[in-house]
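Thanks for making the time this morning. I would like to walk you slowly through a single chain, so please have a look at it before I begin.

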Amino acid sequence: MASTKRPYDKSLLRKAFEVARRSREGGDHPFGSILADRDGNVLLEQCNGYSSEGGDRTAHAERLLATRAGKAYDLDFLAGCTMYTSAEPCAMCSGAIYWAGIGRVVFGLSEREMKQQIGASQENPTLDLPCHIVFAAGQRPTEVVGPMLADEAAKLHEEYWSRR
């Protein structure tokens, strides 16, 4: 599927970065996601939940947001929605996004860039598997735009993982 940029993509991605900053400031991993409708109206926000969910290693911001979205909206509506996320969804989160039915993803830092930046981490053992590969294996289209504003996204992780 060809990716198309929308005039509000950068501003909404920066809002996801703000959610990631709040997550980090709250003591959680520096990841954040938002869900917007086809007109760019923000519907949901989600911080990472690793610490706040009691050490749940599956409580990534993207997976938590996909679960909430899937409960709140029907498939037809979600097909027109975009998840903006500070980092590329991992394979688990990509699967959750696909199953929820969210039709578009815009991300900041790629999984490969994250792995290079933070190295080995027990709390974030990055899977270098691009989300577009996971989505391409599905039966419904999921558009992917990214990496976008990768330098800004990388700053969210500076020094964080070296202190862990």
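How many of the 164 residues of the chain, as a percentage, count as buried? The figure is 51%, where buried means under 20% relative accessible area, exposed over 50% and partly exposed in between, with a 1.4 Å probe and protein chains only.

Before going further, I should say that this is a predicted model, in which local features need pLDDT of at least 70 and side-chain atom pairs count only at pLDDT 80 or more, while totals for chains, interfaces and linings use all residues. Residues are numbered from 1 along each chain as its sequence is written, and side-chain values use heavy atoms, with hydrogens and water left out.

Let me start with the overall layout. The chain has seven helices and five strands, which are DSSP runs numbered from the N terminus, helices being H or I with at least four residues and strands E with at least two. Read from the N terminus, their order is α-β-β-α-α-β-α-β-α-α-β-α. Along its principal axes, the C-alpha trace spans about 45 × 30 × 30 Å. Among contacts, meaning heavy atoms within 4.5 Å, between residues at least 6 apart in sequence, 65% join residues at least 24 apart.

Now to the interior. The largest nonpolar core has 25 residues, and Leu13 and Tyr84 have the most contacts inside it; such a core is a set of buried Ala, Val, Leu, Ile, Met, Phe, Trp, Tyr and Cys residues joined through side-chain atoms within 4.5 Å. At least two residues of this core come from each of α1 (9-25), β1 (32-36), β3 (82-87), β4 (104-109), α5 (111-118) and α7 (150-155), and α1 gives the most, with six residues. If we leave aside its neighbours within four places in sequence, Leu13 is in contact with Tyr84, Thr85, Val106, Phe107, Gly108, Met148 and Leu149. There is also a second, separate core of 18 residues, which includes Ala96, Tyr98, Ile102 and Val105.

Finally, I would like to turn to one loop. Between β5 (143-145) and α7 lies Pro147, and the peptide bond leading to Pro147 from Gly146 is cis, with omega near 5°. Leu149 is found in this loop between β5 and α7 as well, and although Leu149 is not a glycine, it has a positive phi of about 55°. Is Leu149 buried or exposed? Leu149 is buried, with a relative accessible area of 17%, and, as we saw, Leu149 is among the residues in contact with Leu13.
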